[in-house]
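Here are some short exercises to work through with the model open beside you. Try each task before you read its solution.

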Amino acid sequence: MQATDPDLNPLFEPLQLGALTLPNRVLMAPLTRNRARPDGTPGELAETYYRQRAGAGLIVSEATQISPMGKGYKDTPGIHDDAHIEGWKTITDAVHEAGGRIAMQLWHVGRISHTSLLPDGAQPVSSTAKRAKTQTFTEEGFQDVSEPRALGTDEISGIVEDYVRAAANAIRAGFDMVEVHGANGYLIDQFLQDGVNDRTDAYGGDAEGRTRFLVEVVKAVAEEVGADRTGLRLSPTGHFNDMNDSDPETTFGLAYDRLSPLGLAYLHVVELFPGLDVPAEEQAILARLRERWTGRYIANGDFSAGQAAEWIGEGRADAVAFGRAYIANPDLAERFARGASLNEPDQSTFYGGGAEGYTDYPSLED
Ligand SMILES: Cc1cc2nc3c(=O)[nH]c(=O)nc-3n(C[C@H](O)[C@H](O)[C@H](O)COP(=O)(O)O)c2cc1C
């Protein structure tokens, strides 16, 4: 595809991303939409929603729980039983038929959960027993998250196995890739950042200890499905979900150094989370960290088409993922190519509900 505006041409250069060849670099970011069925199978409109967005260079699915304990919000989908695999299969088939590619984002929320969402009212699990100062979305509406319990050292390998099983299930369901969700304050991030991880075992303490769980998960998943079908999402300067690290450059620098040699399909970084300012100092940290990642790099966070093309042109990113713009513009890549105007996303329909604000945003053809 050629863009009407030649400055945007970098967005339409094909890209080899691990095992996949992408026709463009306008990717769809993972977006939780809370429209799954109570049993965790995708909702009836999900097939239409994802098919409509098959023009993305790569779709990353909404975060999907790897186990019943990995769930933290009402009506999010899972990938831990046969019904989930069946449900997702119709979606991956639809995306492929429409000429697209799709990765599944593998999710364990850790302490960002509520007992009412977990099996038999269980307590959420985390690296810590400290409750996060944040809320989650339950059957009763927004509620403070529940107090977690710290995972025992001997329980951690079981969670690594859950990631591996979920990754294998995703491939069985027809996904082209998996993306390990290590960002935004969920379980893996709860191990990484020292403002949360207060463990004294081998999974806590210095950066070596705090990156151990991440590295074990990513290595095991890559062994299962292939490094060239494994991506990773991180948010080194993220504060969403009550996160904080006293020295993100050291923590995440070590993570990048340990994971770069694995030859993963990509690293996907949330550079900016909507509504939370990124101070210049943190932007500089992200830029320095970026230099330490030797593989493909996907940037995300409030990008315009022009900025994305600039970053790609300068080699700061290989591709850019768009979140809110993809909610409102199913044919976003084509709109960028044609220089068309964009639909505005309606925040009130982001989380939960039916077709409104989900499958009814018009494409250019409409
Ligand atoms: C409605 C909504 C749901 C989201 N769900 C997820 C998710 O499931 N997994 C994830 O890693 N990030 C999630 N995010 C973050 C987005 O992937 C993205 O990082 C953020 O929207 C910034 O990109 P943007 O400015 O292009 O929208 C979500 C954001 C929004 C607005």
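## Exercise 1: Ala-56

Ala-56 counts as buried, with 28 C-beta neighbours inside 10 Å. (A residue is buried if 20 or more other C-beta atoms lie within 10 Å of its own, exposed if 12 or fewer, and partly exposed in between, with C-beta atoms placed from the backbone.)

Before going on, note that this is a predicted model, in which local features need pLDDT of at least 70, side-chain atom pairs count only at pLDDT 80 or more, and totals for chains, interfaces and linings use all residues. Residues are numbered from 1 along each chain as its sequence is written.

**Task.** Find where Ala-56 is and which residues Ala-56 touches, not counting residues up to four places away in sequence.

**Solution.**
1. Go to the loop between α1 (46-52) and β4; Ala-56 is found there. (Helices, H or I of at least four residues, and strands, E of at least two, are DSSP runs numbered from the N terminus.)
2. Leaving out residues up to four places away in sequence, Ala-56 touches Val-26, Leu-27, Met-28, Gly-100, Tyr-326 and Ala-333. (Two residues are in contact if their C-beta atoms, placed from the backbone, lie within 7 Å.)

## Exercise 2: Gly-70

**Task.** Is Gly-70 buried or exposed? How far apart in space are Gly-70 and His-108?

**Solution.**
1. Locate Gly-70 in the loop between β4 (59-65) and α2 (82-97).
2. Gly-70 is buried, because 29 other C-beta atoms lie within 10 Å.
3. From C-alpha to C-alpha, Gly-70 and His-108 are 4.0 Å apart in space, while 38 residues separate them in sequence.
4. Not counting residues up to four places away in sequence, Gly-70 touches Gln-65, Trp-107, His-108 and Val-109.

## Exercise 3: two helices

**Task.** Which residues make the contact between α7 and α8?

**Solution.**
1. The axes of α7 (residues 248-259) and α8 (residues 280-292) come within 9 Å and cross at roughly 20°. (Axes are lines fitted to C-alpha atoms, for helices over the stretch in contact, with angles from 0 to 180 degrees between N-to-C directions.)
2. α7 is therefore roughly parallel to α8. (Angles under 35 degrees count as roughly parallel, over 145 as roughly antiparallel, 65 to 115 as roughly perpendicular and the rest as oblique.)
3. On α7, the contact is made by Pro-248, Glu-249, Phe-252, Gly-253, Tyr-256 and Asp-257; on α8, by Ile-285, Arg-288, Leu-289 and Arg-292.
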